[in-house]
Amino acid sequence: MKAFASIVKRDLRLAQRQGMDSLMVVAFFVLAVVLFPFGVGPEASILARISSGVIWVAALLAAMLSLERLFQIDYEDGSLELLALQPVPLEITVLAKITAHWLTTGLPLLIATPLLAIFMNLPGDGFLVLVLTLAIGTPSLSLIGAIGAALILGSRRGGVLLSLLVLPLYIPVLIFGVSAVDGAISGLSVKPHLLIMTGLLVAALPLCPWAGAGAIRQALET
Amino acid sequence: MIFHKYANPTRFLKLASLIQPWAAAATVLLFLSGLYFALLASPGDYQQGETVRIMYIHVPAAWMAMFCYTAMAVAAAVGLIWKHPVADLAARATAPIGACFTFLALFTGSLWGKPMWGTWWVWDARLTSVLILFFLYLGYMALANAFDDPARGSKASAILALVGVVNVPVIKFSVDWWNTLHQPASVVKMSGPAIHPSMLIPLILMALAFKAYYIWVLLIRMRAEINEGKIRSLRLRQVHAGQPPDAAGDKITQAVN
């Protein structure tokens, strides 16, 4: 537990020293969403119809953008090897790095969401549910993405490859996130969608660090 | 143990060249008989008319899409757990074949959907999950070839293949879990197949033909991968010995043959 906390602290401090990096993810998120009123026209009813999907897709892409750096920097300067040599299981280390990644990207996205919901004219009923689905969904995105980030270590053209690996696995989270918000807007029950999303998160929580640690081990072997 | 015996590529090559002509013959025979029954000797559907014949390609292709992924994941797991080199090769060689079957299933499905559902594509659970399967195959192939060291590529993509296994049951049960436009399973059911023998026989013949074709092409691809590995190590040996690259071209041809 202590090791977990100290790795999270280390990564948070690194992110803080680099300053603008996590803000850039939020800036991308805001800009990507703001493009849509220009693309489809500023008509309020159309924007309201597509708002939940647009915000979710933009959040997903923004979360993916920062994934490449999750293990890459530590891999290149060799500190990943030292982290792997610790007496704590590598899975815990991976989970700690994922937690730090979520705190530096997922959480800022969550805070920026209400503003974008207003921009996109999201109906009032969907507000809380949108924030709630993102709160449950973005940790899953960080967890699933960590597998991809670990797999591309040492490959050519990591970034493009990462999106090819991770985006198909993101689709279920996206589907249930958006349908929960749409359900809330049209007055249906949102509980089943939220329960499935929570189920995805609970399943990803032990499995993704396990797979990610396996990928890191084979990357460090050679 | 026989399983470890064929971890040796040379032994495997011997076995492969023994099986390959039989697989090829079985493919040709099964395709000829299957296509005869499917196109000429089976009735049209009372509702769908002649378009039902798309089924004899579409359904076996979809079965093979899932079968190949499962086979690839099993081979990848064997390669990871026992460091079985031939299993790694099998997983790598299966991926492009599986991707082609998946594409074929999607393509024929869309051709079938247009007259039956009135649309080329709907975003229902079965179609979406098969599309994800297709992307998983593409991701697997991209990752397997993204490393300078092929062994690294095999290991990394093996983990990806295992992660993607979650999609296989989702495809299988998508028609039961969600209310979809795609019809539920009618051949593999607890209560026996809900399809008339006159259509079931060509379907099964075609499914067997696809399977024999898979074995045939798999063996060709695996032999090619093994030869590629040989060429690579010969080239490396030449480079280390300081020979000019083309002087030993004949040697390579000899070794491969």
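Which element gives the largest share of the lining of the largest pocket? That would be α9(A), with 13 residues.

Before going further, a word on the model: it is predicted, local features need pLDDT of at least 70, side-chain atom pairs count only at pLDDT 80 or more, and totals for chains, interfaces and linings use all residues. Residues are numbered from 1 along each chain as its sequence is written, chains are lettered from A and ligands numbered from 1 in the order in which they are written, and side-chain values use heavy atoms, leaving out hydrogens and water.

**The pockets**

Here a pocket is an open set of points on a 1 Å grid over the protein atoms alone, where a 1.4 Å probe fits, with protein on both sides within 12 Å along at least five of seven lines; lining residues have an atom within 4 Å of a point. A volume is the space filled by probe spheres set on the points, which are joined across faces, edges and corners.

| Pocket | Volume | Citation |
|---|---|---|
| Largest | about 1,500 Å³ | Volume of the largest pocket |
| Second largest | about 840 Å³ | Volume of the second largest pocket |

In the second largest pocket, 33 residues form the lining, and His58(B), Val59(B), Ala62(B), Arg126(B) and His182(B) are the closest to its centre. α4(B) gives the most to that lining, 8 residues.

As for the largest pocket, 48 residues line it, and among those nearest its centre are Leu169(A) and Val163(B). Its lining has 31 nonpolar, 11 polar and 6 charged residues. Ala, Val, Leu, Ile, Met, Phe, Trp, Tyr, Cys and Pro count as nonpolar, Asp, Glu, Lys and Arg as charged, and the others, Gly among them, as polar.

**Chain B and the core**

Chain B has 9 helices and 0 strands; these are DSSP runs numbered from the N terminus, helices being H or I with at least four residues and strands E with at least two. One of the helices, α3(B), has 28 residues and reaches 39 Å from its first C-alpha to its last, close to the 40 Å expected at 1.5 Å a residue (that is, 1.5 Å times one less than the number of residues). Right after α3(B) comes Lys83(B), with a positive phi near 50°.

The largest nonpolar core has 136 residues, and α3(B) gives the most to it, 13 residues. Such a core is a set of buried Ala, Val, Leu, Ile, Met, Phe, Trp, Tyr and Cys residues joined through side-chain atoms within 4.5 Å, where buried means under 20% relative accessible area (1.4 Å probe, protein chains only).

Key: Buried means under 20% relative accessible area, exposed over 50%, partly exposed in between (1.4 Å probe, protein chains only).
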